[in-house]
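Trainee: Could you take me closely through one part of this model, and then set that part beside a few others that help to read it?

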Amino acid sequence: MKRLLQSFAKARITRFLIKTKRRVAFIKNLGLVFLLFFLTTLVQPILASTITSQLSSQAVQANSEQPNTLFNRGKSFYQLGQWQEAIKVWEQAIKIYQQQNNSLDLAITLSNLSLAHQKLGQWQEADRTITQSLQISRSLEVNTASQRAIAQALDTQGNLDIGLGKIEEAITVWQEAAILHSKLGDLDQQIRNVLNQAQALKTQGFYRRSLQTLESVQSLLPKISDDNLIAIALYNYGDMLTTVGDLKLAHQPLDKSLEILNHLSNRDRTNNEQKSIALLRLGNLARLEGKTETAAEFYKKSGQATGRSLTNIQAQLNLFSLLIESENFSEALEMRSQIAAELSKLENSREEIFARINYGESLLRLTKFTRQNITDALLAEAAKILAISAQQAKFINDNRTLSHALGALGNAYEQSKQIESAQNLTQQALAIAQSINATDIAYRWQWQLGRLLNAKGDTKNAILAYTEAVNGLRQLRSDLVFVNPNVQFSFRETVEPVYRQLVSLLLQGESGDKQKNLVKAQEAIESLQIAELVNFFRSDCLNAAQVDIGQVDKTAAVIYPIILEDRLEVILSLPNQPLRHYASKVTSAEMDDMVIDLRLNLRDPLSEDYLSSAQRIYDWLIRPAASAIAQSQIKTIIFVSDGSLRNIPMSVLHDGKQFLIENYDIALTPSLQLIDPKPIAKQKVSALIGGLTEARQGFSALPNVKGELQEINKQVPLSSIFINANFTKQNLAKTLISLPFPIIHLATHGNFSSEAENTYLLTYDGKLTIENLYQLLRSNDRSNREPVELLILSACQTAVGDKRAALGLAGMAVRAGARSTIASLWSVDDEATSKFMIALYQSLSSANVTRAASLRTAQQALLKDPKHNHPYFWAPFVLLGNWL
């Protein structure tokens with residue numbers, strides 16, 4: 001195996017010198033799992049349809065028919081994909097134009113000749129011919145024809161820059177061309193140019209700007225008659241919506257694009273190519289929606305819609321990775337030879353090199369599921385294709401692509417346990433990424449380097465590498481959020497493990513200052529919690545700030561349970577004391593199973609089977625520090641919960657004699673950096689109260705909600721109440737605009753999920769999503785801009801079978817902007833909920849009582865009630881955010 005890898009890779013790679021000749025702004029291409037950089041509009045610009053229509057101001061010599069005929073023949077060859085033949089006839093036309101001193105036609109033909117050379121990866125010839133085209137067209141007398149020739153040449157120059165990885169240069173050139181297209185009133189070319197710019201912005205990672213650019217084009221489409229161009233604009237728009245995760249909106253433009261292309265003639269290769277692209281992108285959309293069979297069918301149709309082309313290969317590659325993902329390994333293995341044969345025919349463009357890298361990385365994923373002899377063969381094949389990719393990237397002087405190829409090749413060596421070689425390649429890839437400021441790929445190689453150093457037992461330097469990777473992720477946080485995690489990168493696969501592996505190393509205690517390492521671990525897990533919420537929202541909308549709990553509340557302890565693959569670590573922060581930590585030999589899988597058991601047993605009010613799980617988790621989280629917590633005179637325990645632990649109420653943890661809630665006030669927070677630590681104002685408060693008693697939209701009736709809300713209304717006289725038909729989004733919006741409400745209480749069905757689109761509250765007229773709630777509570781039209789003090793959500797529940805469902809609860813609480821949120825993890829008996837809420841409001845109106853203490857008082861009221869003393873009734877209510 002070692003010899004195979006070395007024969008394919010080492011000779012090609014180790015001689016490469018790292019020389020940076022240009023700066024390339026970094027772009028997003030994390031993982032290359034599903035969607036390749038796929039700039040169809042960039043590599044297939046419109047060719048001049050005729051020459052004579054552009055020469056009205058010039059006399060055409062008698063024999064000009066001959067070169068014009070040659071030009072049009074070359075155009076036909078080009079559209080059929082016969083680029084070498086197109087080059088031959090265009091070169092003949094060029095000779096005649098030179099003899100005739102026909103500079104305008106010469107410039108146009110040279111521009112098209114550059115396109116053909118680009119298709120064949122003949123970059124020097126492409127650069128030479130487009131340079132000539134621009135020089136000639138700029139020397140012509142300024143008129144409509146010459147300006148059009150310059151604009152066309154600039155578009156071609158932009159395509160060349162993209163092919164060579166010069167993204168910034170491409171955008172600059174296209175912007176210059178856009179000005180000319182606008183002056184010429186050439187709307188079709190103007191739209192094509194804007195589409196090119198949008199794709200380049202996407203390649204750079206400017207996803208929102210790219211989406212806004214594509215949105216601006218949509219209003220222009222009714223003004224043009226070129227159906228093929230309309231289809232291109234639509235599928236690019238749909239693709240960008242898919243990329244930013246707006247899957248529902250993506251359907252309309254993608255479906256419409258395919259409909260248009262189906263109506264166009266099947267004889268035109270260009271139309272078939274566009275149809276193939278539309279099908280490919282519909283396949284990507286179906287894949288993200290979890291429709292595996294539909295996605296596979298789209299990929300197959302995409303490959304069949306056109307002959308040998310990059311699109312065809314991309315469809316095969318996406319199908320290949322889909323088969324691996326769905327564990328259809330036998331069919332995936334059967335595809336190998338077909339894909340390899342097609343890849344061998346590709347030229348040397350950036351997109352084609354990325355196709356090879358995509359294949360190599362898919363092979364590396366496949367090795368994790370195959371027998372050893374097959375694994376060795378796959379590793380050798382992956383190493384070969386990645387080494388070739390690196391060589392080609394070096395040839396076209398594309399440092400970003402070279403970094404991708406070298407890093408992936410390093411991963412192949414890592415998987416084959418050749419640590420020294422893997423480290424050498426990874427360091428080369430990292431140096432290149434850093435030299436071009438490509439933080440988005442540099443963090444991957446820093447992470448990979450950390451794994452390799454840890455494998456060598458060099459913990460100290462492994463921690464340094466991991467720390468740099470985490471620092472890179474912090475820089476990228478606002479950039480990563482606009483990429484659908486299932487398209488460009490998976491948070492679970494390429495972000496979360498970096499943090500957890502760093503924390504694992506820091507808490508092993510084998511090197512460095514233990515207290516410093518604990519602080520670093522605490523900071524890393526805080527950063528992970530914030531990154532997870534940002535990923536959940538698909539928006540970097542969080543205002544994080546360091547909070548010193550010791551200064552805020554000297555009677556509060558903070559517990560960080562950290563679920564690692566092989567153990568549970570706990571960091572404990574006590575006021576004015578050094579951090580301490582303890583660990584339990586419980587795997588993440590065992591913890592998840594324990595949480596599921598506890599959740600299920602808590603839902604049965606006739607059973608006490610929950611006790612064994614509640615006591616076991618207490619032993620892991622609390623018992624090792626129980627004495628220290630008691631001796632520190634702690635009143636409130638704040639849990640920064642992790643993973644599946646978010647789905648259980650910490651109040652139910654049991655020491656064998658008592659529940660935790662019987663001794664301590666309890667609060668939860670996704671991150672201390674998101675706390676707004678201000679005590680609740682003790683004054684006559686007003687509340688907006690709303691809820692449903694009737695069955696609506698498939699949800700059951702909540703008959704006791706009316707009594708609950710009426711009782712609350714008695715305790716909070718300054719309130720507005722909306723029940724059933726009055727409980728609408730419009731009424732809520734109008735009321736919130738006109739009056740300030742420090743408390744908002746919504747007694748209605750709700751669902752919390754790890755997916756933002758499946759997290760909502762039910763109103764009479766529909767579902768109130770996280771974004772709807774944000775708009776209601778953060779509207780600039782509100783009479784009081786102060787955050788809501790307390791948001792109370794009763795009758796809600798976390799999604800069944802979703803171990804990260806409580807992330808939706810945290811997300812709703814944070815996005816709403818309320819300082820505190822009280823909500824239920826599962827739906828509870830109406831009568832018990834009503835009693836709980838009455839006790840809660842009575843306590844909240846008392847002087848010098850914190851929100852956490854009020855919650856505890858209300859829970860204990862039920863705990864002391866023989867009818868409702870089972871934790872099924874009182875445990876689901878949790879407090880998130882400010883506990884004061």
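Mentor: What follows begins with a pair of packed helices and the loop between them, and then turns to other loops, a helix and a pair of strands.

The model is a predicted one, and the part to look at closely is the loop that holds Asn102, between helix H4 (83-100) and helix H5 (103-119). Two packed helices are described by the angle between their axes and the distance between the axes. For H4 and H5 that angle is about 160 degrees, and the axes lie 9 Å apart. Because an angle over 145 degrees counts as roughly antiparallel, H4 is roughly antiparallel to H5, and the crossing of the two helices is left-handed. Asn102, in the loop between H4 and H5, has a relative accessibility of 12% and therefore counts as buried, the cut-off being under 20%. The side chain of Asn102 also makes a polar contact of 3.0 Å with the side chain of Asp105.

Two other asparagines in loops deserve a look for their backbone. Most residues other than glycine have a negative phi. Asn576, however, has a positive phi, near 55 degrees, and Asn724 likewise has a positive phi, of about 55 degrees. Asn576 sits in the loop between strand E2 (568-573) and strand E3 (580-584), whereas Asn724 belongs to the loop between strand E7 (718-723) and helix H31 (729-738). Their surroundings can be read from accessibility: Asn576 is exposed, with a relative accessible area of 65%, while Asn724, at 11% relative accessibility, counts as buried.

Burial can also be followed along whole elements. Helix H17 (residues 350-366) has 17 residues, of which 16 are buried, so that the helix is mostly covered. At 1.5 Å a residue H17 should span 24 Å, and because its end C-alpha atoms are 24 Å apart, the expected span and the model agree. Strand E13 (residues 877-881) has five of its five residues buried, and so is largely enclosed by the rest of the structure. Strand E13 pairs with strand E12 (residues 820-824) in the antiparallel sense, over five bridges, and in this pairing Phe877 of E13 is the bridge partner of Ser824.

Returning to the part you asked about, the picture is of two roughly antiparallel helices, H4 and H5, with the buried Asn102 in the loop between them and a side-chain polar contact from Asn102 to Asp105.

Key: Residues numbered from 1 in each chain as written. Predicted model: local features only at pLDDT ≥ 70, side-chain atom pairs only at ≥ 80, totals over all residues. Heavy atoms only, no water. Helix = DSSP H or I, 4+ residues; strand = E, 2+ residues; numbered from the N terminus. Buried < 20%, exposed > 50% of the residue type's maximum accessible area, 1.4 Å probe, protein only. Polar contact = N/O pair within 3.5 Å; in protein donor to acceptor, adjacent residues only side chain to side chain. Expected span 1.5 Å × (residues − 1). Pairing = 2+ DSSP bridges. Axes fitted to C-alpha atoms, helices over the stretch in contact; angles between N-to-C directions. Parallel < 35°, antiparallel > 145°, perpendicular 65-115°, else oblique. Left-handed = near helix turned anticlockwise from the far one by under 90°.
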